[in-house]
Amino acid sequence: MGKNLDALMKKIQFCEHCGFCRSVCPFLEASNMEESVGPRGRKMLFLSLLEGTVRPTPRLAQKFYMCGVCRACAVKCPQSIDVSDISVQARNMIIKANALNPFMKKVADSLVKGVKDGDIFGSANTKAKWAENLSIPKNSETVLFASCMDTSMAYGELLVDMLETFGWAENTMMSLSSRIQILGVTKFLDILLEGKHKLYRNSLVNTAKLLKMLNVNFSYMGNDEPCCGAALHTYGLLDEFAEHAKKVHKIFKEKNIRRLIVHNPICGGVLKDEYPSYVDGWDIEVKHVVEVIAEAIKNNGINLRLPEPTKVVFHDPCYLARFMDVIEEPRVVLKAIENLELIEPPNNKRETKCCGGGGVELIYRDVATRASINRVSELNTGNPDIMSSCCPVCALMIKKGIKNLKLKASYADIVDLTTSSMSPSL
Ligand code: SF4
Ligand code: SF4
């Protein structure tokens, strides 16, 4: 199983060369490079790769790894051609031809090991720490899928910062990161990273508290929670992803899990939109927590009020809007909060623009930073007090953009905004 290459090829043949996809590609805009790193150029290069008229090389890899797998091109394309699919398939061919440069190879090795161990940042032993005092049951048909990105993104932020500072030694940095994984010393970093952990893990704590308050019967798998393997998929490690997805499905089935509630839309998007192509009989429902909150607001109403008038702009994560198809729900939640003025940015809903993440932040950091600055400039159009979203990678990149542009606005997750609009007892 897996995405069908023939079906993709058939679709590509209908390309009209109109270039609409070019106009929305955030990384073509941020890289200021030639057509070959844009969606239309990628599609042409992919055809040449299949025909054998271009060879897989590290230089060619750059063209496909400078894609954030954001699907903006697919929304704009009159033929619905999804160049993110093309990028993932091309990456897979490049990996199989052993044509990654040493740094990218190290990233691949580190992802394979991290996913296998249960946490892409190598901190499987501390990933359940956020839930320590919450007394969440362990067995239920509905599971809060906490995701290693939500629990461990502080390590990801540290890694990106270190790669930015010591870019000249990126191979050493990646080796160091793998060694940290192997030695399991990430727990010693926790003291240093306390503030950063709080930012990412707080959204999970608040998600759990909200679900309890809404009387949702749910459990948390703790250290038994597997990584969904999203990073394997986007990196093009498709054989490893296919094998891993089947294992994850088996684990869920053995535990009689029927429904997953995610906070991280990257895991949600991959579980909802990619797993059915890779796992026979995938029948597990996947919901984002904003869907659950919006449902509760619609059915019963919840009193939500911010202490003072606040202008909030909402950034739709690509994976929430275009993979999970969740668009109206965040707006239902934010509009229900008294004293909150919701601002819609340019490029919103299904046409949202990537925050600059999508894995590009690890490999082409300058381009990713420029993409985050571009997106945050758009988010700042209405002069908001708060930029809100609900994805750990968007949080990382929006914070980066705010810092680079020296803006007065701050970042807050939609779940954290919701809980801070409730009674102080929560
Ligand atoms: S928007 Fe679609 S049809 Fe137009 S150039 Fe891009 S891939 Fe081809
Ligand atoms: S998926 Fe996003 S980053 Fe990749 S080619 Fe399409 S628009 Fe560009």
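This report describes a three-stranded sheet, a helix that lies across it, and the shell of residues around ligand 2.

## Basis of the model

The model is predicted, and local features need pLDDT of at least 70, while side-chain atom pairs count only at pLDDT 80 or more and totals for chains, interfaces and linings use all residues. Residues are numbered from 1 along each chain as its sequence is written, and chains are lettered from A and ligands numbered from 1 in the order in which they are written.

## The parallel sheet

Three strands (DSSP runs of E, at least two residues, numbered from the N terminus) make up an open sheet in the order β1-β2-β3 with parallel pairing, where two strands pair if DSSP finds at least two bridges between them. The edge strands, each paired on one side only, are β1 (142–145) and β3 (285–288). Neighbouring strands are turned by 25° against each other on average, direction ignored.

Strand β2 (residues 259–262) runs parallel to β3 and is joined to β3 by four bridges; R259 stands opposite E285 in β3.

## The helix across the sheet

Helix α15 (residues 265–278; helices are DSSP runs of H or I, at least four residues) lies across β1, β2 and β3 and runs at about 155° to β3. Axes are lines fitted to C-alpha atoms, for helices over the stretch in contact (C-beta atoms, placed from the backbone, within 7 Å), and angles run from 0 to 180 degrees between N-to-C directions.

## The shell around ligand 2

Around ligand 2 there are 16 residues, of which C25, C67, C70, C73 and S84 come nearest; a residue is near if its C-beta atom, placed from the backbone, lies within 6 Å. Two or more residues come from each of α3 (26–31), α4 (39–51), α6 (72–76) and α7 (83–96), and α7 gives the most, with three residues.

Conventions:
Contact = placed C-beta atoms within 7 Å.
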